[in-house]
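User: I should like a close examination of one topic in the structure shown below, namely the pairing of charged side chains and the parts of the chain that such pairing involves. Please give a single connected account.

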Amino acid sequence: MITRSQVKAAQARAAELLQVAGIVLSAEEREQLEVASFGLNDLEAQGLQLVTYVNTDRYCAKELVLFPGQTCPEHKHPAVGDLPGKMETFRCRAGKVLLYVEGEQTDIIEATLPPRSRSHYTVFHEIVLLPGQQHTIPPETLHWFQAGSEGAVVSEFSSTSRDEFDIFTDPNIQRMPVIIED
C-alpha cells in the first residue's frame with residue numbers, strides 16, 4: 001500500500017526531474033503522473049513514476065522517471081491471447097540508467113540489488129544508457145532497470161502497453177497497488 005500523501009510527494013518529485021530534463025508536462029499530466037510502488041512499501045528502493053502520453057491498440061509512448069538508485073523490478077511483457085508481448089525502446093533523456101536483460105551475465109554489475117527482493121533478480125546482462133542512448137527490448141524478455149545516483153528520465157516507445165499482464169519474478173509485487181488515505 002501507499003498513502004495519498006506519498007503519491008503526491010512522489011508526483012511532485014517526478015515532475016521536478018522531468019522539468020530539469022527539459023520535458024514539459026501539462027497541468028493535467030502532472031496531476032495524473034502514475035506512482036507505481038508495486039505494493040512493496042519501499043518506493044525509494046523499488047518503484048517507478050510514469051506519464052503515459054498515448055496507449056492505443058497499435059502503439060504507446062511514456063516518460064519513465066526513476067529517483068536516485070530506484071529500481072523497476074524484474075519483469076517481462078507476455079503475449080496476451082493472440083497478441084504478442086510488448087516490444088519497447090528505452091531512450092535515456094537525463095541521468096544514467098542501468099538496464100539488465102537476458103543474455104551473457106556481466107561479471108560485475110553497477111547496480112545495487114534491493115535487499116528485500118535480492119533473490120527475485122535473475123538477469124544480469126548490463127546495458128548502461130546515458131542521455132541520447134537507447135535500447136530496444138524484445139517481447140517476452142526478462143528485464144529490470146535502475147537509476148544512477150542522480151535519478152533518470154527515460155522515454156519509452158512501445159507497442160501497446162498492457163501493464164496489468166506483466167509477469168514479475170517477485171511474487172509479492174502488485175502491479176496495481178492500493179492507495180490509502182492518510
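Analyst: A salt bridge is taken here as a side-chain nitrogen of Lys or Arg within 4 Å of a carboxyl oxygen of Asp or Glu. By this rule the model, which is a predicted one, contains six salt bridges.

Helix α1 is a suitable starting point. It spans residues 4-20, which makes 17 residues, and its first and last C-alpha atoms lie 25 Å apart, close to the 24 Å expected at 1.5 Å a residue. Val-7, Ala-10, Gln-11, Ala-14, Ala-15 and Leu-18 are the buried residues of α1. They lie on the same side of the helix, because the arc that they cover around the axis is only 140°. As a general point, an α-helix has 3.6 residues a turn, so residues three or four places apart point the same way. The exposed residues Glu-16, Gln-19 and Val-20 are carried on the face of α1 turned away from its buried side. After the helix comes Gly-22, which has a positive phi near 85°.

Two salt bridges involve arginines of this helix. In one, the side chains of Arg-4 and Glu-181 meet at 3.2 Å, N to O. This pair links distant parts of the chain, since Arg-4 belongs to α1 and Glu-181 to the segment after β11 (179-180), 177 residues apart. Glu-181 is exposed at 60% relative accessibility, whereas Arg-4 is partly exposed at 32%.

In the other, Arg-13 meets Glu-44 at 2.6 Å, N to O. Here too the pair links distant parts of the chain: Arg-13 is in α1, and Glu-44 is in the loop between β2 (34-36) and β3, 31 residues apart. Both partners count as partly exposed, Glu-44 with a relative accessible area of 44% and Arg-13 at 34%.

A further salt bridge joins Lys-96 and Glu-110, at 2.4 Å, N to O. Lys-96 lies in strand β6 (residues 88-101) and Glu-110 in the loop between β6 and β7, so this pair ties together parts that are 14 residues apart in sequence. The accessibility of Lys-96 is 26%, which makes it partly exposed, and Glu-110 is likewise partly exposed at 43%.

Elsewhere, Lys-86, Glu-88 and Glu-156 are linked in a network of salt bridges.

Glu-126 offers a contrast to these pairs. It is placed in strand β7 (residues 125-129). Glu-126 is buried yet has no salt bridge, and the nearest side chain of opposite charge, that of Lys-96, is 7.9 Å away. This distance exceeds the limit of 4 Å for a salt bridge. Beyond residues up to four places away in sequence, Glu-126 touches Leu-99, Tyr-100, Thr-106, Ile-108, Ile-109, Glu-110 and Ala-111. Glu-110, the salt-bridge partner of Lys-96, is thus among the contacts of Glu-126.

The buried side of α1 can also be followed to a strand. Leu-18, one of the buried residues of the helix, has its C-alpha 6.7 Å from that of Val-153, although the two are 135 residues apart in sequence. Val-153 lies in strand β9 (residues 143-158) and is buried, with a relative accessible area of 2%. Leaving aside neighbours within four places in sequence, the contacts of Val-153 include Leu-17, Leu-18, Ala-21 and Ile-23, and also Glu-63, Arg-91 and Arg-93.

Definitions and conventions: Residues are numbered from 1 along each chain as its sequence is written. This is a predicted model: local features need pLDDT of at least 70, side-chain atom pairs count only at pLDDT 80 or more; totals for chains, interfaces and linings use all residues. Side-chain values use heavy atoms; hydrogens and water are left out. Helices (H or I, at least four residues) and strands (E, at least two) are DSSP runs, numbered from the N terminus. Buried means under 20% relative accessible area, exposed over 50%, partly exposed in between (1.4 Å probe, protein chains only). Lys and Arg count as positive and Asp and Glu as negative; His and the chain ends are not counted. Contact means heavy atoms within 4.5 Å. The expected span of a helix is 1.5 Å times one less than its number of residues. The arc is that of the directions from the helix axis to the C-beta atoms.
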